[in-house]
Amino acid sequence: MHAVFDGHNDVLLRLWRNSKAGADPVAEFKNGTREGHIDGPRARAGGLGGGICAIYIPSGDLILQEPDANGHYDTPLAAPLERLPSLDIAVEKTAIALKLDRAGAWRLCRSTADIRKAFAEDIFAAVLHMEGCEAIGADLDALEVFYAAGLRSLGPVWSRHNIFGHGVPFSYPMSPDTAPGLTDAGFALVKECNRLGILIDLAHITEKGFWDVARTTDQPLIASHSNAHALTPVARNLTDRQMDAIKESGGLVGLNYAVTMLRPDARDIADTPLSDMVRHIDYMVERMGIDCVALGSDFDGATVPVGIADASGNHNLVAALKSAGYGDEELAKICRENWLRVLSEAWHEAA
């Protein structure tokens, strides 16, 4: 079984919500649950050795629109969030991540050596990520604090606007060129992430924001959980031109398992074949090369194909890729090595 490092999940969102209802997040992750997608036992069963775990501040006003008679839908962007309540939630989720680390339920990793060591010791390798930076002020002081706590990846925006930039809506069919890009504060955030060694994730940003980051950052361009717009033209997916820039930078795209970003009709239907996942992988490999394609499941944040179901079924995708002709060396790159390469570069490990 190929060990997988996954580029994006929302397990901290589920653990945080359940903790608010009185559950113990450490016990839930360590011992397992039937809820959601990821916990320790199911990750081990599916060969999921670790992943980038998001601090995401939920938007209560976001309701996905039903398709019209033509199968199209246009979900309005979620409203911007206030900073202080967002900061409270971000601190609570970071505390959960630290508690899991202290209890040995997972290993909070700050280097690729940490990730490889956790893999070798069969401990879930977690990298802390901030999905949308509503918890960080324009002075960036909070960024220093979260970095000290283990933050090593962030997306300036989620699918809503904030002081750093603009996000894309959940809409089909639609171009990702929906709004302006980075603000002045956003450019400053990118430069500070470059200095500290924090990976910058372009998964939810507008196309203009994508190009703003591309001309500012010194890192490879990364979209942790996105797919091919040419196959599924939702605003969240990447155009060919964006993928060409990612290839040129030596970056990567992590395949998003969300069925709305895989299916040709972009419907939220779990009965979606694994062949749709392979189709997007094939397209991205052909466009960018094997070194620029990885996995970014969006576990605990989206509806995934029934053939995967949860982390325990992750090996089914690997088997489908093997059946489609991918060899062991290629699978190793898609499953983990491409992620470890770009993380090492973003984290200044070669310096």
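Two strands are taken to pair if DSSP finds at least two bridges between them. In this predicted model, 3 strands meet that description and form an open sheet in the order β9-β10-β11, with parallel pairing. Strands β9 (222-223) and β11 (293-295) stand at the edges, and each has a single partner strand, so one side of each is left without a neighbour in the sheet.

The link between β10 and β11 can be followed residue by residue. Strand β10 (residues 252-255) is joined to β11 by 3 bridges, and the two run parallel. Within this pairing, V253 has V293 of β11 as its bridge partner. Helix α12 (residues 328-346) packs on the sheet and touches β9, β10 and β11. The direction of α12 makes about 105° with that of β11.

Helix α8 (residues 207-214) offers a view of local burial: E207, G209, F210, D212 and V213 are buried there. These buried residues pack against α7 (184-196), β8 (199-200) and α9 (240-249).

A further helix pair is formed by α4 (residues 83-102) and α6 (residues 141-149), which pack at an angle of about 10° with their axes 11 Å apart. Because angles under 35 degrees count as roughly parallel, α4 is described as roughly parallel to α6. On the α4 side, the contact is made by R83, L87, A90, V91, T94 and L98, while α6 contributes A142, F146 and A149. By class, this contact of α4 with α6 comprises 7 nonpolar, 1 polar and 1 charged residues.

Definitions and conventions. Residues are numbered from 1 along each chain as its sequence is written. This is a predicted model: local features need pLDDT of at least 70, side-chain atom pairs count only at pLDDT 80 or more; totals for chains, interfaces and linings use all residues. Side-chain values use heavy atoms; hydrogens and water are left out. Buried means under 20% relative accessible area, exposed over 50%, partly exposed in between (1.4 Å probe, protein chains only). Helices (H or I, at least four residues) and strands (E, at least two) are DSSP runs, numbered from the N terminus. Contact means heavy atoms within 4.5 Å. Axes are lines fitted to C-alpha atoms, for helices over the stretch in contact, and angles run from 0 to 180 degrees between N-to-C directions. Angles under 35 degrees count as roughly parallel, over 145 as roughly antiparallel, 65 to 115 as roughly perpendicular and the rest as oblique. Ala, Val, Leu, Ile, Met, Phe, Trp, Tyr, Cys and Pro count as nonpolar, Asp, Glu, Lys and Arg as charged, and the others, Gly among them, as polar.
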